[in-house]
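The exercises below ask you to read bonds, contacts and burial from a structure and to justify each reading step by step. Please try each task before turning to its solution.

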Amino acid sequence: MSAQKDRWVSSFSFLLFCASSIPTHGSARVLQELSPQRYFSALQAGRASLAYFSHNVSPGARPFLEQIENSAEALQDYGISVVKVNCPKEDISRYCGKENALRTAYLFSALLFNEVKYVETLADLQNIENALKGKANMVFAYVPATGTAEHRAVMEAAFVYGTVHQFVLTTEATLLKDSSTDEPDVSSASLVFCHCQRATDLLQPCRRTAMEQALTMLNIHRHLKLMGAPLVTEVAEDPEKVSTVHLQLGLPLVFILSQKETYEADRRTAEFVAWQLLGKAGVALLSRDLLGLNVLRRSNIALKTPDEGVPIKYLLLEDTDEVITLVKDKNKVKQIQEDEGEEEDEDEKEDNNQDIQDDEVVEAVSRDKKRELPLEQIRVLTEETFRSAVLETALTVVLFYASWESVSLAVLRSYTEVADHLEGTQGVLLSRVNCWDWPGICTEENVTQFPTIKIYKKGERSVIYDGMWGTKELTSFIMLSRVSCPLKLVTIDEAEGYLRGEFPSELSSYHHTSLLGVFSTATSEAREAFEEAGNILSGHVTMGMYFEDDTLALSRKYGVSPPALLLDRGRGESVESITLSKQSAQDMVQVIRYELLDIFPEITVQNLPHYLQLRKPFLILFSDGDIGQMESEEMLKLAKGRPQQAFVACWLNLKKTPVGRGILKAYFATVPSLPVLIWVNLHVGGQVFKFPSEQSIAEMNILSWLEKLKAGLEIPSSTLSEEDWKPPLPAYDFLQMMETAMPELSLHTSHHHRDTLKQHPPESPGGHTVTQDEPSQETKAEKVGSPGRDLRGTAPRLAAREKQGKRHSEL
């Protein structure tokens with residue numbers, strides 16, 4: 001038979017009634033004789049026809065044909081035409097030329113002509129599919145034979161749903177094999193729902209969702225109801241009160257917990273999960289921002305079953321594969337909850353045995369992990385929101401971190417305290433990017449280690465924060481970054497006001513020294529270097545710059561020739577003048593950093609690195625509290641004297657900086673009586689000398705003692721080890737770690753998840769590989785982000801964080 005048979009809907013053996021019982025009255029011949037092609041093309045909706053297929057009528061079949069001819073006129077009164085179909089000799093299809101069909105007629109009804117189409121070839125099926133794309137969905141059914149219970153179920157479903165979906169039927173086993181990736185069971189009927197309405201690209205096959213139950217009318221109705229339900233339901237109420245068609249049909253409902261900052265990513269994740277579970281479970285997006293349920297804080301998945309009285313289970317899962325397994329394996333829920341309980345018990349055991357901790361930060365974070373961080377004031381940035389946030393806000397602070405890494409979590413705690421201090425500050429946005437979830441952003445921003453903080457100002461390049469991670473230091477850096485560095489001043493009054501500390505009121509507590517660069521029109525090269533130095537030091541210092549026509553008047557007042565620096569340390573002292581003899585930006589940075597150091601500083605954990613960078617010997621006065629006025633005056637005279645360029649004169653308060661007690665124990669067997677003056681050269685030799693306790697701490701006594709040290713007449717109290725002072729663990733290169741743990745990301749060759757997905761398109765629920773396209777929502781779920789790999793909601797990768805944390809020593 002030709003492809004015209006796609007108009008055939010149903011057939012059955014028609015028992016002819018006796019012709020003698022129907023009068024003919026010698027009427028005109030009404031029996032039509034047509035070729036197979038003309039017959040099937042002439043079928044019309046709402047008409048039925050009785051057809052007899054034959055090559056040459058055999059003598060034995062002639063009486064049967066005569067009875068059909070005699071019945072033609074009577075059947076015509078019932079709207080049924082009688083047709084003799086003359087089959088070509090070469091036609092050996094289903095109806096033509098079969099021996100067992102010599103005494104069989106077929107009743108063809110075109111009643112469901114628009115609802116059901118019959119196909120025999122893959123090309124016919126693809127043509128129908130292409131015609132439906134973007135318009136309607138298709139229900140494709142295979143039955144081994146017509147007239148069966150499964151066939152009847154499909155026809156009844158077509159009668160009900162034929163105006164909504166296009167039904168297509170086949171009995172060809174070869175067609176079933178061609179349209180399936182697995183070896184199909186041709187002995188059993190099957191039904192597939194084809195989502196053609198969502199497809200707009202002719203080159204993209206329609207997604208297919210197979211019905212896994214037996215082909216009955218009830219199961220078909222249930223399957224079509226599920227296919228017609230929303231792919232993802234958005235929920236903003238108590239999930240205990242939510243009811244969907246899935247729950248009504250006895251299927252579970254999976255909630256993906258989301259928040260507004262990650263809504264787009266969570267929506268894509270939910271859509272990906274929904275496609276994988278289509279027909280097996282419903283998927284809903286639950287906004288935790290609109291709920292006050294504490295149980296949601298640590299969880300990222302909730303599962304509601306259709307069973308009455310069973311409470312919703314809140315779980316913490318690593319990726320969407322676990323969600324799919326959760327639905328398919330009912331025992332998985334209990335297993336996950338047991339594993340979480342075991343992990344908490346193990347963590348408590350580790351907390352109780354601090355000797356096994358290899359890092360103090362890891363130990364502290366692990367011990368304090370159950371304390372929830374107030375992250376409401378810190379905006380979560382994703383691939384969709386990062387660029388817009390940086391461009392829309394005057395000053396955007398971004399913390400790049402990893403949600404499973406201990407140092408990142410410790411810094412995140414300080415970051416929340418900074419957010420409290422800066423609450424309500426106009427033009428400042430505090431945000432965070434979890435590099436474990438959004439490695440593309442971190443790679444583009446050249447963030448190779450975490451945690452990292454960067455400041456983004458409109459129209460300027462970003463600045464990396466390289467200071468201490470304490471709340472006070474972070475807050476100061478952010479506030480000082482708001483002011484242009486250097487600040488260009490246009491009048492002498494402005495310049496002198498700047499030197500007196502006349503800053504905006506909100507910055508009054510975040511600066512100590514006023515630093516003003518003075519330049520003439522002839523020193524443009526030095527001025528450009530000074531501006532570059534200001535960009536480097538932005539956030540760390542406040543710098544002003546004056547280069548107007550009356551620069552010489554200002555220079556003469558302070559006795560200096562441009563280019564020069566003027567410093568007011570804010571202690572009521574006179575303004576200091578420094579001539580800038582070097583012209584490069586890096587040289588100016590070094591000069592400025594040195595000049596901003598205190599003459600006789602109190603050493604703390606925060607400022608020690610700045611003085612260590614000078615690579616000079618230390619003359620340290622250790623004191624158990626504030627030093628006396630006499631000692632302070634004598635040490636200050638010493639620091640201001642001629643030898644000050646050779647060493648760093650400083651003091652350390654053990655009450656404010658308790659680590660000083662450990663330093664003294666490293667220098668001596670026991671802590672000596674305080675105050676005690678120590679000379680130590682950490683950079684050469686590591687020898688430690690103790691100032692004689694019987695001598696008073698006076699400038700002349702100390703200078704005399706230093707001369708003896710220089711001459712080699714003093715014996716060191718101890719010598720420090722030559723072992724390098726290095727961190728106990730190397731810095732994290734998270735990109736390398738992620739590539740090793742998750743090779744599918746391939747970050748070094750592709751900076752975006754979407755690139756990886758283009759190389760490895762996911763499979764549709766029906767088993768067919770789906771080509772990615774732009775318009776459809778479900779394919780966007782696979783193009784952007786990393787669906788099927790991780791959950792990026794409010795609690796992304798927390799489980800991974802805990803597991804990685806246990807391998808901290810290996811990293």
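## Exercise 1: a buried asparagine

Asn-434 is buried, with a relative accessible area of 6%. The model used here, as in the exercises that follow, is a predicted one.

Task: Find the element in which Asn-434 lies, and identify the side chain with which the side chain of Asn-434 makes a polar contact.

Solution. Begin with the secondary structure, where Asn-434 falls in strand β17, which covers residues 428-434. Then look at the side chain of Asn-434, which makes a polar contact of 3.1 Å with the side chain of Ser-403.

## Exercise 2: cysteines with and without a bond

Task: Determine how many disulfides a search of the whole structure finds, and describe the link of Cys-196 and Cys-206 by its S to S distance, its handedness and the places of its two cysteines in the chain.

Solution. As a reminder, a disulfide is a covalent bond between the sulfur atoms of two cysteines.

Step 1. Searching the whole structure gives 2 disulfides. One of them joins Cys-196 to Cys-206, with an S to S distance of 2.3 Å.

Step 2. The torsion about the S-S bond of Cys-196 and Cys-206 is about 115 degrees, and the disulfide is therefore right-handed. Both Cys-196 and Cys-206 lie in the loop between β8 (190-195) and β9 (207-210), so the pair ties together parts that are 10 residues apart in sequence.

Step 3. Turning to accessibility, Cys-196 has a relative accessible area of 0% and is buried, while Cys-206, with a relative accessible area of 3%, is buried as well. The cut-off that this step needs is that buried means under 20% relative accessible area.

Step 4. A disulfide also joins Cys-435 to Cys-442, here with an S to S distance of 2.1 Å. The angle about the S-S bond of Cys-435 and Cys-442 is -95 degrees and the link is left-handed, and both Cys-435 and Cys-442 are buried.

Task: Why does the sulfur of Cys-194 not form a bond with the closest cysteine sulfur?

Solution. The closest cysteine sulfur to that of Cys-194 belongs to Cys-196 and is 5.3 Å away, which is too far for a bond. The cut-off to apply is that the two sulfur atoms of a disulfide must be within 2.5 Å. Cys-194 counts as buried, at 0% relative accessibility, and Cys-485 counts as buried at 10% relative accessibility.

## Exercise 3: salt bridges along the chain

Task: State how many salt bridges the structure holds, and work out which parts of the chain are linked by the pair of Lys-280 and Glu-212.

Solution. The structure holds 15 salt bridges. One of them is formed by Lys-280 with Glu-212, whose closest N and O atoms are 3.5 Å apart. This pair links distant parts of the chain, since Lys-280 is in the loop between α8 (263-276) and β12 (282-287) and Glu-212 is in the loop between β9 and α6 (217-228), 68 residues apart. Lys-280 is partly exposed, with a relative accessible area of 24%, whereas Glu-212 counts as exposed at 60% relative accessibility.

Task: Repeat the analysis for the salt bridge of Glu-532 and Arg-461, and for that of Asp-624 and Arg-661.

Solution. The side chains of Glu-532 and Arg-461 meet in a salt bridge at 2.7 Å, N to O. Glu-532 lies in helix α17 (residues 524-537) and Arg-461 in the loop between β18 (452-457) and β19 (463-464), so this pair ties together parts that are 71 residues apart in sequence. Glu-532 counts as partly exposed at 30% relative accessibility, and Arg-461 counts as exposed at 54%.

In the salt bridge of Asp-624 with Arg-661, the closest N and O atoms are 4.0 Å apart. Because Asp-624 lies in the loop between β25 (618-623) and α21 (629-640) and Arg-661 in helix α22 (residues 659-667), the pair ties together parts that are 37 residues apart in sequence.

## Exercise 4: two helices in contact

Task: Describe how α17 and α19 pack, and give the handedness of their crossing.

Solution. Helix α17 and helix α19 (residues 585-596) pack at an angle of about 60 degrees, and their axes are 8 Å apart. The crossing of α17 and α19 is right-handed. Residues that make the contact include Phe-530, Glu-532 and Ile-536 of α17, together with Met-588, Val-589 and Ile-592 of α19.

Technical notes
Residues are numbered from 1 along each chain as its sequence is written. This is a predicted model: local features need pLDDT of at least 70, side-chain atom pairs count only at pLDDT 80 or more; totals for chains, interfaces and linings use all residues. Side-chain values use heavy atoms; hydrogens and water are left out. Helices (H or I, at least four residues) and strands (E, at least two) are DSSP runs, numbered from the N terminus. Buried means under 20% relative accessible area, exposed over 50%, partly exposed in between (1.4 Å probe, protein chains only). A polar contact is a pair of N or O atoms within 3.5 Å; within protein, one must be able to donate a hydrogen and the other to accept it, and residues adjacent in sequence count only if both atoms are side-chain atoms. Axes are lines fitted to C-alpha atoms, for helices over the stretch in contact, and angles run from 0 to 180 degrees between N-to-C directions. A crossing is left-handed if the near helix is turned anticlockwise from the far one by less than a right angle, and right-handed if clockwise. Contact means heavy atoms within 4.5 Å.
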